[in-house]
Amino acid sequence: MRMKKFLSVLIAVMVAVGVFMLPAAAAVKDTTKDVTLTIYALEAKDGSEVAVDVNVTGEKTVIADYKAIEGAVFALYKVGDEETSITVPKDVTPLMTEPTSADGSTKITVPAAQQGRYLVVEDKAPEGTIGKTIPFLIDLPLTNPEGTDFMYDVYAYPKQPVKESFTPLPDPKVSKLVSGDEGKTWGEEANIESFTGKRAYWKVTGEIPANVGDFDIYEIGDLLDNRLIPPAANEVKASVEGKELPSDKYTVTVKGQNITVNFDVQTLALYKNKGVDVIFPTAIDVKAKNAIGVKIDNFATLTYTRFTKGGKDDDTDTDIVKTKTTISTNIVRVWTGAIEGFKHDKDKKPLSGAEFTLYEDKDCKTVVGKSTSDKNGIFTFTGLKDKTYYMKETKAPDGYQENNNVIEIKIDGKTEPLKKIDVLNIPKTNLPLTGGAGTIGISLIGIGIALAGVVIVILTLKVYKKTRIAAA
């Protein structure tokens, strides 16, 4: 590399000295005329290019294949007319150019009295360039290509290499959605009817960057809440634009509550600037604490390789650093509704053994399920959808009358996913029709006694009346 740069400098000197000092065999120099030098600072295509473009005639030309360098400042040192060295002379005050503009150009005027040979040196290199332009010698004015005249408007096109341009890409986007209808619709919240065995479906979407092929890792992960039952590994599927990826192009690991999907980055490179979807189901563990009638939060992660600028700033270091980075998705929620009932008497005493039936229809024909109150008077229906259900008591506790009212219950996950209700029972007022004389027997005896009393009263009145008549 050093030998290459040395040869480049040597070639530059040879070109600059050999070409820019053409003799003006048939021309007479006008020593009363000012000379302008316009310099175009250009970006070299690689570090081996010489200081001046192949256009070394001093004429104006258009070089469309090179990018302009803005902000370069050049110094012009006047040297002897026979000078061939590109070493900056001592004790010589240079003429300074203005910084090059957006098109890479800067123009300086050399007064007529100062015509002669100049060493052009880049005094200030813009940020992002590597080193400086190789110095070059030039005669002002310069003979034209034919050697028949002098040019008083001279153009030069020095070039220099620049550092590899680096624009850090933004973090790839990653998001998560959930579905309560097996993927027909997606949103940030979902309600599932888990008592029928339905599960929530989750979709994690990761953006595929243009440079994903350079990544060391691209991995989507999901640490599930303990109230969610993880899927089997073969239930986790990855796809791009609805087309499932070959199973050997990504690896799924399900360990405890942790799901990870690690992708082959070269496969993802075929789909750059698109999104990869990871879809899997989970069930709600209705036996877990606080799993019913509450919203369960969840989010996913994307772990990938981030490229940043750093390290040593010199000609040999690319200054690019790769780091393993993890970003998170938005939070999504899933829930299943529940009814919690309290069976009690008028004194709020819990009643056990009461059976309740839940229906989907107001006519109480389509049964959802049954539940019986425990010793604390509590009965529950779990895994419910957001909708209106109907409930009635189908068996009363011993010694109590059935409550035949049909109770309308609305489950609404936004306001009340756990619906609490009270159900009152009253004791029976009649004795049972079993054992002893029974209610009917007792009633007949009472009636008989009453009738006998009436007969006695009537007979007594008759005897009394006869006695009064006889006495009269």
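Let's start with a small detail: the charged end of Lys159 sits over the ring of Tyr66, at 5.0 Å from the ring's centre. A similar arrangement involves Lys295, whose charged end is placed over the ring of Trp335, 4.7 Å from its centre. Keep in mind as you look around that this is a predicted model. The protein chain has an average pLDDT of 83, and 79% of the residues score at least 70.

From charges over rings, we can move on to rings beside rings. A pair of aromatic rings is described by the distance of the centres and the angle of the planes. The structure holds seven aromatic pairs. One of them brings together Tyr40 and Tyr157: the ring centres are 5.4 Å apart and the planes meet at 15°, so this pair counts as stacked. The two partners come from distant parts of the chain, 117 residues apart. Tyr40 belongs to strand β1 (residues 35–40), while Tyr157 lies in the loop between β10 (153–156) and β11 (159–160). Are these two tyrosines buried or exposed? Tyr40 has a relative accessible area of 18%, and because buried means under 20%, Tyr40 is buried. Tyr157, at 2% relative accessibility, counts as buried too.

Another pair has a different geometry. The ring centres of Tyr218 and Phe263 lie 6.0 Å apart with their planes at 75°, so this pair is edge-to-face. Tyr218 is found in strand β15 (residues 218–223) and Phe263 in strand β20 (residues 258–263), so the pair ties together parts of the chain 45 residues apart in sequence. Both Tyr218 and Phe263 are buried. Elsewhere, Phe215, Tyr304 and Phe307 form one aromatic cluster.

The edge-to-face pair also leads us into the interior. The largest nonpolar core has 38 residues, and those that touch the most other members are Tyr218, Phe263 and Val276. What is Phe263 in contact with, leaving aside its neighbours within four places in sequence? The list includes Tyr218 and Val276, along with Ile220, Ala238, Leu245, Lys249, Tyr250, Leu268 and Val278. A second, separate core has 22 residues, among them Ala72, Ile108, Phe150 and Tyr152.

Now let's return to strand β1, the home of Tyr40. Six of the six residues of β1 are buried, so the strand is largely enclosed by the rest of the structure. In a regular strand the side chains alternate between the two faces of the sheet. In β1, Val35, Leu37 and Ile39 point one way, whereas Thr36, Thr38 and Tyr40 point the other way. Which strands pair with β1? One is β5 (residues 105–110), which runs antiparallel to β1 and is joined to it by six bridges. The other named here is β10, which pairs with β1 in the parallel sense over four bridges. Ile39 shows both pairings: Ile39 stands opposite Thr106 in β5, and its bridge partner in β10 is Ala156.

Finally, a word on confidence along the chain. The highest mean, 98, belongs to β20, the strand that contains Phe263. Confidence is lowest in helix α1 (residues 2–19), at a mean of 41. Over residues 312–317, pLDDT stays under 50, and the model has eight contacts beyond four places in sequence for this stretch. Residues 431–445 also stay under 50, with four such contacts.

Notes
Residues numbered from 1 in each chain as written. Predicted model: local features only at pLDDT ≥ 70, side-chain atom pairs only at ≥ 80, totals over all residues. Heavy atoms only, no water. Phe/Tyr/Trp six-rings, centres within 6.5 Å; stacked < 30°, edge-to-face > 60°. Helix = DSSP H or I, 4+ residues; strand = E, 2+ residues; numbered from the N terminus. Buried < 20%, exposed > 50% of the residue type's maximum accessible area, 1.4 Å probe, protein only. Lys NZ or Arg CZ within 6 Å of the ring centre and 35° of its normal. Core = buried A, V, L, I, M, F, W, Y, C linked by side-chain atoms within 4.5 Å. Contact = heavy atoms within 4.5 Å. pLDDT = per-residue confidence, 0-100. Pairing = 2+ DSSP bridges.
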